[in-house]
Structure formats: C-alpha cells, structure tokens
Amino acid sequence: NDNTPTLVGKATSNATISIFDGEGKNAPLLGTTTTDNDGNCSYTPTSPLADGDHKFTIAASKVAANGEE
C-alpha cells in the first residue's frame, strides 16, 4: 500500500493538471502540476493518503495566449 503514489500522464503541453481524490464535484483537490513542453507530467501527493483504495480524477486546462481556456 503506497500512501504517496506518483501519478504520471500526458496531456497538452504546458497545461495545468488538477488531481482530485475521488469522483464528482465534491472530490477534494490533492494538488496541481504542469505538463512540460512534450506534454509529460507527474504528481506525488505532499501528504500521505489514507489507507485504502483511491479513485483519482484528473482535469486538464490550458490558458491560450488571449487568456481563454
């Protein structure tokens, strides 16, 4: 049981990635990270997760040069 798992993924380059512990609009935000120029990212929780199973939800957003997402 790894209480500080490293999550890795790929998305649009320079996107902000938000990681939630659970599903739905009430899932607590664990943290955010930013993808690199190739779209790669990783995230490790700064505080250990509670023991047990977890289902993560990931959201990506990118602000364009004109300020729009």
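**Strand pairing and core of an all-strand chain**

From the N terminus on, the elements of the protein chain run β-β-β-β-β. The model is predicted. The chain has 5 strands and 0 helices. Of its 69 residues, 22% are buried. The chain exposes about 4,800 Å², and carbon and sulfur atoms supply 47% of this area. Among contacts with a separation of 6 or more, 58% join residues 24 or more positions apart.

Three strands form an open sheet in the order S3-S2-S5, with antiparallel pairing. Strands S3 (29-34) and S5 (56-61) are the edge strands, and each pairs on one side only. Neighbouring strands of this sheet are turned by 20° against each other on average, direction ignored. Strand S2 covers residues 16-21 and runs antiparallel to S5, to which 6 bridges join it. Within S5, Thr57 stands opposite Phe20. In general, strands of a sheet pair through backbone hydrogen bonds, either parallel or antiparallel.

A second antiparallel pairing involves S1 and S4, joined by 4 bridges. Strand S1 spans residues 7-10 and contains Gly9. Leu7 stands opposite Tyr43 in S4. Gly9 and Tyr43 are 34 residues apart in sequence, yet their C-alpha atoms lie 9.0 Å apart in space. Beyond its neighbours within four places in sequence, Gly9 is in contact with Gly39, Asn40 and Cys41. Gly9 has a relative accessibility of 29% and therefore counts as partly exposed.

The side chains of S4 alternate along the strand. Cys41 and Tyr43 point to one face and are buried. Asn40 and Ser42 point to the other face and are not buried. Both of the buried S4 residues, Cys41 and Tyr43, belong to the largest nonpolar core. This core has 5 residues, and Ala15, Ile17 and Ile19 complete the set. S2 and S4 (40-43) are the elements that give two or more residues to the core.

Ile17, a member of this core, has contacts on several sides of the sequence. Residues up to four places away are not counted here. Ile17 touches Gly31, Thr32, Thr33 and Thr35, as well as Ile58, Ala59 and Ala60. Its remaining partners are Ala11 and Cys41, the latter also a core residue.

Ser18 follows in strand S2. At 17% relative accessible area, under the 20% cut-off, Ser18 is buried. Neighbours within four places aside, Ser18 is in contact with Leu29, Gly31 and Thr32, and also with Thr57, Ile58 and Ala59. Gly31, Thr32, Ile58 and Ala59 thus appear among the partners of both Ile17 and Ser18.

Thr33 lies in strand S3. Thr33 is buried, with a relative accessible area of 17%. The side chain of Thr33 reaches the backbone oxygen of Ser42 at 3.2 Å. Leaving aside neighbours within four places in sequence, Thr33 is in contact with Ala15, Thr16, Ile17, Ile19, Cys41, Ser42 and Tyr43. Among these partners are Ala15, Ile17, Ile19, Cys41 and Tyr43, the residues of the largest nonpolar core.

Definitions and conventions: Residues are numbered from 1 along each chain as its sequence is written. This is a predicted model: local features need pLDDT of at least 70, side-chain atom pairs count only at pLDDT 80 or more; totals for chains, interfaces and linings use all residues. Side-chain values use heavy atoms; hydrogens and water are left out. Two strands pair if DSSP finds at least two bridges between them. Axes are lines fitted to C-alpha atoms, for helices over the stretch in contact, and angles run from 0 to 180 degrees between N-to-C directions. A nonpolar core is a set of buried Ala, Val, Leu, Ile, Met, Phe, Trp, Tyr and Cys residues joined through side-chain atoms within 4.5 Å. Buried means under 20% relative accessible area, exposed over 50%, partly exposed in between (1.4 Å probe, protein chains only). Contact means heavy atoms within 4.5 Å. Accessible areas come from the Shrake-Rupley method with a 1.4 Å probe; for residues, only the protein chains shown count as cover. A polar contact is a pair of N or O atoms within 3.5 Å; within protein, one must be able to donate a hydrogen and the other to accept it, and residues adjacent in sequence count only if both atoms are side-chain atoms.
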